[in-house]
Amino acid sequence: MTASKHLHDESTTLPHGAHLDSTAHIMNRITSQLADQLSLVSRDGRRRPEPPALVLVAHGSRDPRTLRTVTALVDRVRELRPGLPVRLGHIELNEPLLPDTLAALGTSEAVLVPLLLSRGYHVKRDIPDMAAAAPARTRVATALGPHPLLVDALHDRLTEAGWRKGAEKTGVVLAAAGSRDPDAATDTGVTAQLLADRLGAPVIPAYASAARPTVEEAVQALTSRGCRRVAVASYFTAPGYFATQCAEAAPWIASAPLGTHPAMARLVLHRYDEALTTQGDWTYLRGAGNGATSHPQPALAG
């Protein structure tokens, strides 16, 4: 055996079949955990108060890809903000459900960041109601969209799918889930305009359910304007039934859902910070059971 071969073997294999890449992974985790602990201690040795937990609130889906994507996004948020307690809760269909996540926090403080791209019933009613029923002191951040970071992610996803800047007679359908709440359509319309400005091409918002136009109708509208190629921009946080349905209606290219794009994790933290700096009381219950009173959460700007 040559010296180089011997060094190669030692660099890849450790006793008991352990590998150096696994060892490095363990060491990185230890270093990260140590950094988290040190971040809680001030220079004079006193323990800093732990920041309010960030609870990322996902809708939930029967599609297993959705949960995998959301879990990966939670990991990205943790990587960007070591020392910040980050939790996950679902409105329905997946565990942990939001009430269970909030119950586990006890009476501590938490900021709930909806993993939703526009205002609607879930943001206005479901999430605040679940927060008000929990013992934790909470604030509910606004929806993720509209925001320029989402446009960054949409642009990158389209580019990955084959979009090229400057192509003539092209248009885009911004495919969203849809809601009966008019504020949701307003928010999606703002995102569509921001994306149109970025692309230099017409963008029409369309919906998978509960609102119109449909993706097919939006494609037809762009075609009637003279667009020879029409792309579908997937305005979904994760893969699922609606995202797949909209992509299949694309006559040209369809981008992937926003998923774990770096801009998504940054936007989640932005909404968290925004909620903390907004004036207002924390929502919490006094006592338990019926008759408990609550303080309203602050109204947060988008």
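Pro146 sits in the loop between strand E4 (137–140) and helix H6 (148–161), where helices (H or I, at least four residues) and strands (E, at least two) are DSSP runs numbered from the N terminus. The peptide bond leading into this proline, from Gly145 to Pro146, is cis, with omega near 0°. Before I go on, I should say that this is a predicted model, in which local features need pLDDT of at least 70 and side-chain atom pairs count only at pLDDT 80 or more, while totals for chains, interfaces and linings use all residues. Residues are numbered from 1 along each chain as its sequence is written, and side-chain values use heavy atoms, with hydrogens and water left out.

Another cis peptide bond runs from Arg212 to Pro213, with omega near 10°, and Pro213 lies in the loop between strand E6 (203–207) and helix H8 (215–224). As background, most peptide bonds are trans, and most residues other than glycine have a negative phi.

That brings me to phi. Leu93, in the loop between E2 and helix H4 (98–104), has a positive phi near 75° although it is not glycine, and Lys169, in the loop between H6 and strand E5 (170–176), has a positive phi of about 55°. Is Leu93 buried or exposed? Leu93 is partly exposed, with a relative accessible area of 43%, and Lys169 is partly exposed at 44%; here buried means under 20% relative accessible area, exposed over 50%, and partly exposed in between, with a 1.4 Å probe and protein chains only.

Now to the sheet, where two strands pair if DSSP finds at least two bridges between them. In what order do the 4 strands of the open sheet stand? The order is E2-E1-E3-E4, with parallel pairing. E2 and E4 stand at the edges with a single partner strand each, so one side of each has no neighbour in the sheet. Even so, 4 of the 5 residues of E2 (residues 86–90) are buried, so this strand is largely enclosed by the rest of the structure.

Strand E1 (residues 53–58) is joined to E2 over 5 bridges, with Leu56 partnered by Leu88 in E2, and 5 bridges also join E1 to strand E3 (residues 109–114), where Val57 is partnered by Pro114. Finally, E1, helix H3 (residues 64–80) and E2 make a right-handed β-α-β unit, right-handed meaning that, with the strands pointing away from the viewer, the path from the first strand over the helix to the second runs clockwise.
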